[in-house]
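Me: I should like to understand how the terms used for a protein model are justified. Please take each term in turn and set the value against the cut-off.

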Amino acid sequence: MRVLMVEDDLILGESLKDYLESNGVEINWVKDDRKLDEAILMSEYDVIVLDLMLKYNKGEDILKQLRDKGIKTPILIMTAKNRIEDKEVCFELGADDYLSKPFNPKELLLRIKALSKRLHAPDIEKIGDVEIDLERQVILKNGQEVKISKTAWNLLKLLLKRRGEVVPTEVILNYVWPDKAVGDEIVRQYIKELRKILPEDSIETHKGIGYRLK
C-alpha cells in the first residue's frame, strides 16, 4: 500500500511516517505543499492523507484542486480543525474521511486500510476471455488459472486502476520499482509478460509516453 502524506509539522510527520512504515505502509511524505503536484505526477497512490493547515496553501483549496483535476484517489483529511462546519466543507469538496488531531496513530492506520479497499471495487475485472480477481490475486483465462510474477501483478493492478488512461512510463517505474534504479527496458519486459495472457491488443504502447490498458 502506498500513501501520499501532506503534512508540514516535521515532528508529527516523522512520527506518523515511522509508525505507518513499521506497519507495512509505504509513505511519500510531502513537507512543502508547493511540491504536491510533482509528487502526484511522479507516482500513483492508494490513499492521500492531507492536512488542512499548511504553510503555503489551504488544505481545502488543495482538496478542491485535486478533485477538479479528476484525481479519484481516496483522500483522508487529518487536521486540528474539529468543527462540524469544517468537516461539512471538506466532505462537500470530495473528502472521503476526516480525522481530527490529536488521534491515535493506529486509528489513522485503520482508516487508511479501509479507504485503500475502495480502489479495488469491483474486485473482479474482465478483459475479453480473461477474468482477474484482485482480492484473491487469481487470473482465469477460459476458466483456467494463469500464473504471473508478483511484479507483473503490481503492474497489472496499476494499469487496471487507470484503465482507459495512458499511464506514463515514469509513473510505472515509480509505482512498481520505487526503490530501484531501473529503466524503460524492464517495463517492456513485464508488459510483454502481461501481453502473453491478455487478449491481443489489450495493452497499447504509446511510444515515448507509456502504456494504456483498453
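Reply: A suitable starting point is the pair β11 and β12, which are joined in the antiparallel sense over four bridges. Please keep in mind that this is a predicted model.

Me: What makes β11 and β12 a pair?

Reply: Two strands pair if at least two bridges are found between them. β11 and β12 have four bridges, so they satisfy the requirement of at least two. Within this pairing, T205 stands opposite Y211 in β12.

Me: Which strands are called edge strands in this sheet, and why?

Reply: The open sheet has three strands in the order β10-β12-β11, with antiparallel pairing. The edge strands are β10 (166–168) and β11 (203–206), and each of them pairs on one side only. From one strand to the next, the twist averages 30 degrees.

Me: Which helices lie across these strands?

Reply: α7 lies across β10 and β12, and runs at about 65 degrees to β10. α8 lies across β11 and β12, and runs at about 155 degrees to β11.

Me: Why are α6 and α8 called roughly perpendicular?

Reply: Their axes come within 10 Å and cross at roughly 80 degrees. Angles of 65 to 115 degrees count as roughly perpendicular, and α6 and α8 are therefore described in that way.

Me: Which residues form the contact of α6 with α8, and of what class are they?

Reply: T151, A152, L155, L156 and L159 in α6 meet Y190, I191, E193 and L194 in α8. By class, this contact has seven nonpolar, one polar and one charged residues.

Me: What makes a group of residues a nonpolar core?

Reply: The members must be buried residues of the nonpolar kinds Ala, Val, Leu, Ile, Met, Phe, Trp, Tyr and Cys, joined through side-chain atoms within 4.5 Å. The largest such core here has 29 residues, of which I132, I172 and L194 touch the most other members. At least two residues each come from β7 (130–133), α6 (150–161), α7 (169–176), α8 (184–195) and β12 (210–213). The largest share, seven residues, is supplied by α6. Apart from this core lies another, of 20 residues, including A39, Y45, L52 and I75.

Me: How do you know that β7 pairs with β6 and with β8?

Reply: The requirement is again at least two bridges. Strand β6 (residues 124–127) and β7 have four bridges in the antiparallel sense, and four bridges also join β7 to strand β8 (residues 138–141), again antiparallel. Both pairings therefore meet the cut-off. I124 has D133 in β7 as its bridge partner, while the partner of I132 in β8 is I139.

Me: Which residues take a positive phi in the two hairpins?

Reply: In the hairpin of β6 and β7, with two residues between the strands, G128 has a positive phi near 60 degrees. In the hairpin of β7 and β8, with four residues between the strands, Q137 has a positive phi near 55 degrees.

Me: Why is D86 called buried or exposed?

Reply: D86 is placed in helix α4. Buried means under 20% relative accessible area. The value for D86 is 12%, so D86 is buried. Leaving aside neighbours within four places in sequence, D86 is in contact with K81 and Y98.

Me: How is A80 classed by its relative accessibility, and why?

Reply: A80 is found in the loop between β4 (75–79) and α4 (84–93). A residue is buried under 20% and exposed over 50%, with partly exposed in between. At 44%, A80 therefore counts as partly exposed. Apart from neighbours within four places in sequence, A80 is in contact with M53 and K101.

Me: Why are N142 and D201 classed as they are by accessibility?

Reply: The cut-off for exposed is over 50%. N142 has 58% relative accessibility and so counts as exposed. D201, with a relative accessible area of 52%, is therefore exposed as well. N142 lies in the loop between β8 and β9 (144–146), and D201 in the loop between α8 and β11. Phi is positive in each of these residues, near 55 degrees for N142 and near 65 degrees for D201.

Conventions: Residues numbered from 1 in each chain as written. Predicted model: local features only at pLDDT ≥ 70, side-chain atom pairs only at ≥ 80, totals over all residues. Heavy atoms only, no water. Buried < 20%, exposed > 50% of the residue type's maximum accessible area, 1.4 Å probe, protein only. Axes fitted to C-alpha atoms, helices over the stretch in contact; angles between N-to-C directions. Parallel < 35°, antiparallel > 145°, perpendicular 65-115°, else oblique. Contact = heavy atoms within 4.5 Å. Nonpolar A, V, L, I, M, F, W, Y, C, P; charged D, E, K, R; others polar.
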